[in-house]
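Please find below a reviewer's note intended for a colleague who is new to this structure. The sequence and the structure are shown first, and the comments come after them.

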Amino acid sequence: WRGAPRPPLPALPSPFAEFRRLSSRLFAREGHANGISLSRMVELLFEYLTQEQGIAPEEVAAAMWRDYQRGGRSDKPACLRPFIDQSTSVNRVRPDKQNHLPKRQARHVASQTPARAEPEG
């Protein structure tokens, strides 16, 4: 590339460094790194993203609520309630979720099912 030297890009934090900051904060708050309940983890992550990272609570709540519902949950975490509009509370779980298996598991189940005998006639 020819011409004037490029201005330096602003330094972005490493995703690994940010994850370490989050992990360190979780450990400092909880005293352990595992066995944190999902509801507590949602609360701590919401707090970290809004207070430490300065992301708007409405934006964080919307993203976390969408992700939370993907797991088939309909209970609203207390920290998200003030920011969740009733219209955004949509059950996103597919109606056939109980019968739906990933392809590999479906093949395994199909291979374990005994073949039915064809009716004579």
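The numbered points below pass from the overall fold to the salt bridges and then to the pocket.

1. Status and fold. The model is a predicted one, and local features are discussed only where pLDDT is at least 70. The chain contains 4 helices and 0 strands. Read from the N terminus, the order of elements is α-α-α-α.

2. Burial and surface. The chain has 121 residues, and 17% of them count as buried. The exposed area of the chain is about 10,200 Å², with 55% of it supplied by carbon and sulfur atoms. Among contacts with a separation of 6 or more, 33% involve residues 24 or more positions apart.

3. Salt bridges in general. How many salt bridges does a search of the whole structure find? The search finds 8. Side chains of opposite charge can pair when their charged atoms come close. Three of these pairs are taken up in turn in the next points.

4. Arg 25 and Glu 47. These two residues form a salt bridge in which the closest N and O atoms are 2.7 Å apart. The pair links distant parts of the chain, since Arg 25 belongs to helix H1 (residues 15-30) and Glu 47 to helix H2 (residues 38-52), 22 residues apart. Are the two partners buried or exposed? Both Arg 25 and Glu 47 are buried; the label applies to a relative accessible area under 20%.

5. Arg 40 and Glu 30. A salt bridge also joins the side chains of Arg 40 and Glu 30, at 2.7 Å from N to O. Arg 40 is in helix H2 and Glu 30 in helix H1, so this pair ties together parts that are 10 residues apart in sequence. Arg 40 is partly exposed, its relative accessible area being 22%. Glu 30 is likewise partly exposed, with a value of 22%.

6. Asp 67 and Arg 70. The side chains of Asp 67 and Arg 70 meet in a salt bridge of 3.6 Å, N to O. Both residues lie in helix H3 (residues 57-70), and because they are 3 residues apart there, about one helical turn separates them. Asp 67 counts as partly exposed at 49% relative accessibility, while Arg 70 counts as exposed at 57%.

7. A shared network. Salt bridges with partners in common join Glu 18, Arg 21, Arg 25, Arg 29, Glu 47 and Glu 52 into one network. The pair Arg 25 and Glu 47, treated in point 4, thus has both of its members in this network.

8. Glu 59. This residue is placed in helix H3. Glu 59 is exposed, with a relative accessible area of 55%. Its C-alpha atom is 8.7 Å from that of Phe 83, a residue 24 positions away along the chain.

9. The largest pocket. The volume of the largest pocket is about 160 Å³. Which residues line this pocket? The lining consists of Leu 38, Met 41, Val 42, Leu 45, Ala 63, Met 64, Asp 67, Tyr 68 and Arg 73. Helices H2 and H3 each supply at least two residues of the lining. By class, the lining has 7 nonpolar residues, no polar residues and 2 charged residues. Asp 67, one of the lining residues, is also a partner in the salt bridge with Arg 70.

Key
Residues are numbered from 1 along each chain as its sequence is written. This is a predicted model: local features need pLDDT of at least 70, side-chain atom pairs count only at pLDDT 80 or more; totals for chains, interfaces and linings use all residues. Side-chain values use heavy atoms; hydrogens and water are left out. Buried means under 20% relative accessible area, exposed over 50%, partly exposed in between (1.4 Å probe, protein chains only). Contact means heavy atoms within 4.5 Å. Accessible areas come from the Shrake-Rupley method with a 1.4 Å probe; for residues, only the protein chains shown count as cover. A salt bridge is a side-chain nitrogen of Lys or Arg within 4 Å of a carboxyl oxygen of Asp or Glu. On a 1 Å grid over the protein atoms alone, a cavity is a set of points where a 1.4 Å probe fits but cannot get out, and a pocket is an open set with protein on both sides within 12 Å along at least five of seven lines; lining residues have an atom within 4 Å of a point. Grid points are joined across faces, edges and corners, and a volume is the space filled by probe spheres set on the points. Ala, Val, Leu, Ile, Met, Phe, Trp, Tyr, Cys and Pro count as nonpolar, Asp, Glu, Lys and Arg as charged, and the others, Gly among them, as polar.
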